[in-house]
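User: Please take a close look at one part of this model, the packing of its helices around the main nonpolar core. I would like one connected account rather than a list.

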Amino acid sequence: MVWLAGQLGLSLLILVQLNWFSIILGASSMGLVVTYPLFKRVTYFPQVILGLVFNWGALLGYAAVRGYVDPFTVIPLYIAGLCWTMVYDTIYAHQDKVDDALIGVKSTALKFGDRTPTILWELSTTMLFALGCSGYMAGLSWPFFAGLGGVGVHLAWQTFAVNLNDPADCYKKFKSNHYLGLLVFLSIVGGTFLAVDETMGDRKETQQTLKANLLRL
């Protein structure tokens, strides 16, 4: 409890240094943070809640810099992070699926069962599409999209090569995601470094068109 209190206190100290929009946005995540441990007892999809919590930083980071959230850029990024979390944490959950079934803890590993590789690839393709949309709307250039090719290869490898009945292999594939995260990061850096104003202008026009169409709905 002392360690938890210290972490929460430090987090609060960082949060109050930000703008008011970010403070409210950050505080609004506490409901998910506090209730996440309970979801393993009531639903087979605690990984969804974990993804919502883990990737709140996609919303908060943008808000901390800009003072607002651009939904056309940030929401796809948030969805991509959610899908990625479900991929790696489902693989991780397969390590403990036998014990979890015995003690009544639920997970996507138990829910998906033999369909896990197919569902993980569906989540992976959604992640790639959402990352592409976010990068496009953010004005990132070709290195970002080239990097997404490597991200796709890594996702396919861990999704279809993992032995879901071997805890050691599940852990190995789970840990490999830090390389995937590095690849996404380098893709963003490269795409930002080589971005050009003309490209960003074109994509701002696309945003305006999307907003206008949504308002008509």
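Analyst: What follows starts from the whole chain, goes to the core and its main helix pair, and then turns to single residues and a second helix pair.

The model is predicted. Its protein chain has 13 helices and zero strands, so the pattern along the sequence is α throughout, by the way helices and strands are assigned. Of the 217 residues in the protein chain, 40% are buried. Among contacts between residues at least 6 apart in sequence, 70% join residues at least 24 apart.

The largest nonpolar core has 26 residues. Those that touch the most other members are I91, L123, M127, L131, V151 and L155. Four helices each supply at least two residues of this core: α6 (71-93), α9 (116-137), α10 (142-161) and α12 (177-193). The most comes from α6, which gives eight residues. A second core, separate from this one, has nine residues, including L25, L59, V74 and Y78.

The pair α6 and α9 can be examined in more detail. Two packed helices are described by the angle between their axes and the distance between the axes. For α6 and α9 the angle is about 155° and the axes are 8 Å apart. The two helices are therefore roughly antiparallel to each other, since an angle over 145 degrees counts as such. The crossing of α6 past α9 is left-handed. On the α6 side, the contact is made by F72, T73, P76, L77, I79, A80, C83, W84, M86, V87, T90 and I91. On the α9 side, T116, L120, L123, S124, T126, M127, A130, L131, C133, S134 and M137 take part. By class, the residues of this contact are 17 nonpolar, six polar and no charged. I91 of α6 and L123, M127 and L131 of α9 are in this contact, and these four are also among the core residues that touch the most other members.

V151 is another of those core residues. Leaving out residues up to four places away in sequence, V151 touches M127, L128, L180, L183 and V184. G149 is found in helix α10. Is G149 buried, partly exposed or exposed? G149 is partly exposed, because its relative accessible area is 40% and that class runs between 20% and 50%. The C-alpha atoms of G149 and L128 are 8.8 Å apart in space, while the two residues are 21 apart in sequence.

Back in α6, T85 is found in this helix. T85 is buried, as its relative accessible area is 1%, and buried means under 20%. Which residues does T85 touch, not counting those up to four places away in sequence? They are Q47, L50, G51, F54, N55 and T90.

One of these, L50, also belongs to the contact of α3 with α4. The axes of α3 (residues 30-42) and α4 (residues 46-54) come within 9 Å and cross at roughly 165°. This pair is therefore roughly antiparallel too, and its crossing is left-handed. The contact is made by L32, V33, Y36, F39 and K40 of α3 together with P46, I49, L50, L52 and V53 of α4. Its residues divide into nine nonpolar, no polar and one charged.

Conventions
Residues are numbered from 1 along each chain as its sequence is written. This is a predicted model: local features need pLDDT of at least 70, side-chain atom pairs count only at pLDDT 80 or more; totals for chains, interfaces and linings use all residues. Side-chain values use heavy atoms; hydrogens and water are left out. A nonpolar core is a set of buried Ala, Val, Leu, Ile, Met, Phe, Trp, Tyr and Cys residues joined through side-chain atoms within 4.5 Å. Buried means under 20% relative accessible area, exposed over 50%, partly exposed in between (1.4 Å probe, protein chains only). Contact means heavy atoms within 4.5 Å. Axes are lines fitted to C-alpha atoms, for helices over the stretch in contact, and angles run from 0 to 180 degrees between N-to-C directions. Angles under 35 degrees count as roughly parallel, over 145 as roughly antiparallel, 65 to 115 as roughly perpendicular and the rest as oblique. A crossing is left-handed if the near helix is turned anticlockwise from the far one by less than a right angle, and right-handed if clockwise. Ala, Val, Leu, Ile, Met, Phe, Trp, Tyr, Cys and Pro count as nonpolar, Asp, Glu, Lys and Arg as charged, and the others, Gly among them, as polar.
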